[in-house]
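Ready for a few short exercises? Have your viewer open, try each task yourself, and then compare your steps with the worked solution.

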Amino acid sequence: MKGGAGNLPTRAVTSVQVTKRPLLIPRQPRFRYGRAVTLDQTHYYRLTTKVSGNDSALDVCPDGSCRVMLAAPADSSGQYWNLVPTAGSRYALRTGYLGDGLSLTMDDDRMVCLKPTDPSAGQSWDVRQEPSGTYAIINDLAGPQTCLCPDGQGVITAQQVPLPQRPLWTLTKLASVSGQAAVPDLKQAPGVYCPEGCTDFTFYARPAGPLKAVMLFVDFPDAPAGVCSPIDTPTICWETAGPRSYFSSRATEPAS
């Protein structure tokens with residue numbers, strides 16, 4: 001058969017049936033968060049992890065720096081961690097050593113330390129339990145793979161860690177958290193000459209956390225000039241101005 005222009009031969013067209021097959025896309029592994037848990041906020045926990053095969057506990061540096069470190073497990077208040085629930089499986093981490101006013105925080109450099117307690121994401125830690133019974137501790141500030149990590153020098157950081165490599169922590173329940181006593185408003189003592197007055201909490205920040213100590217300031221009346229020597233002045237003020245009898249009577253009263 002002859003075709004059209006150019007007298008090119010034509011080819012018979014046969015129908016071909018095409019079978020459609022589903023496109024197979026490799027399944028991406030999902031990041032496994034672990035199981036949400038409810039922890040007992042009425043007790044402290046010791047947090048330990050394995051470093052070179054040995055247990056190391058999360059502790060507070062006793063130098064006033066508010067840095068955290070790893071140390072051998074011990075009965076130390078710096079290793080007594082109170083996990084206070086904030087939302088869902090998230091907790092604020094505070095210590096028996098420094099109290100409720102300071103919480104474990106991840107800063108902008110991913111370093112971990114204790115800072116004044118606030119509701120920021122850097123102080124929010126998602127605690128997730130693995131099938132092994134250990135826990136991943138994940139910070140809310142920089143994504144779901146930002147885990148509480150020790151490095152080789154005992155420094156604690158929060159780093160992006162792939163699932164198989166993220167460090168796991170063991171939580172061991174310790175002593176119960178003692179009752180919390182709020183810092184009270186003090187009443188002005190009547191009939192006191194030139195008092196310094198009580199702390200004005202509408203101007204100054206009220207201290208946070210449990211009341212652990214009370215400091216008393218006693219203002220003694222002046223000793224009459226020329227009556228006694230400087231060496232005898234404290235004795236005269238103590239005996240004659242009334243403080244001795246006042247504190248003696250208070251010492252016999254039952255605690256309120």
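**Exercise 1. Placing C66**

In which loop does C66 lie? Then find out what stands out about its backbone, and decide what can be said about its sulfur.

*Solution.* Keep in mind that this is a predicted model.
- Step 1: C66 lies in the loop between β3 and β4 (68-71).
- Step 2: The phi of C66 is positive, about 65°, although C66 is not a glycine. Most residues other than glycine have a negative phi.
- Step 3: The count of disulfides comes to 0. C66 is in no disulfide, and the nearest cysteine sulfur, that of C113, is 7.4 Å away.
- Step 4: A disulfide needs sulfur atoms within 2.5 Å. Seen from C113, the closest cysteine sulfur is the one in C66 at 7.4 Å, which is too far for a bond.
- Step 5: C113 is buried, because its relative accessible area is 14%, and buried means under 20%.

**Exercise 2. Another positive phi**

Find where S52 is located, and settle whether this residue is buried or exposed.

*Solution.*
- Step 1: S52 sits in the loop between β2 (43-51) and β3 (54-60).
- Step 2: Its phi is near 55°, a positive value in a residue other than glycine.
- Step 3: S52 has a relative accessible area of 74%, so it is exposed; the cut-off for exposed is over 50%.

**Exercise 3. Strand β7 and the core**

Describe the surroundings of β7, its partner strand and its part in the largest nonpolar core.

*Solution.*
- Step 1: The largest nonpolar core has 26 residues, and L47, W81, L83 and L104 have the most contacts inside it. Strand β7 (residues 102-106) gives the largest share of this core, 3 residues.
- Step 2: Since 5 of the 5 residues of β7 are buried, the strand is largely enclosed by the rest of the structure.
- Step 3: Look at the two faces. L102, L104 and M106 point one way, S103 and T105 point the other way, and all are buried.
- Step 4: β7 runs antiparallel to strand β8 (residues 112-116), and 5 bridges join the two. L104 stands opposite L114 in β8.
- Step 5: The hairpin of β7 and β8 has 5 residues between the strands, and R110 takes a positive phi near 65° there.

**Exercise 4. A contact across the sequence**

Which residues does S176 touch, leaving out those up to four places away in sequence?

*Solution.*
- Step 1: S176 lies in strand β13 (residues 170-176).
- Step 2: S176 touches T42, H43 and Y44.
- Step 3: S176 and H43 are 133 residues apart in sequence, yet their C-alpha atoms are 4.0 Å apart in space.
- Step 4: S176 counts as partly exposed because its relative accessibility is 46%.

**Exercise 5. How far to trust the picture**

Where in the chain is confidence lowest, and where is it highest?

*Solution.*
- Step 1: Start with the whole chain. It averages a pLDDT of 74, and 54% of the residues score at least 70.
- Step 2: Confidence is lowest in helix α2 (residues 243-251), with a mean of 55, and highest in β13, at 95.
- Step 3: Over residues 23-31 pLDDT stays under 50, and the model has 4 contacts beyond four places in sequence for them.
- Step 4: Where pLDDT is low, the predicted coordinates should not be read in detail.
- Step 5: For the overall setting, the chain has 2 helices and 13 strands, and 29% of its 256 residues count as buried.

Notes: Residues are numbered from 1 along each chain as its sequence is written. This is a predicted model: local features need pLDDT of at least 70, side-chain atom pairs count only at pLDDT 80 or more; totals for chains, interfaces and linings use all residues. Side-chain values use heavy atoms; hydrogens and water are left out. A nonpolar core is a set of buried Ala, Val, Leu, Ile, Met, Phe, Trp, Tyr and Cys residues joined through side-chain atoms within 4.5 Å. Buried means under 20% relative accessible area, exposed over 50%, partly exposed in between (1.4 Å probe, protein chains only). Helices (H or I, at least four residues) and strands (E, at least two) are DSSP runs, numbered from the N terminus. Contact means heavy atoms within 4.5 Å. Two strands pair if DSSP finds at least two bridges between them. pLDDT is the predictor's confidence in each residue, from 0 to 100.
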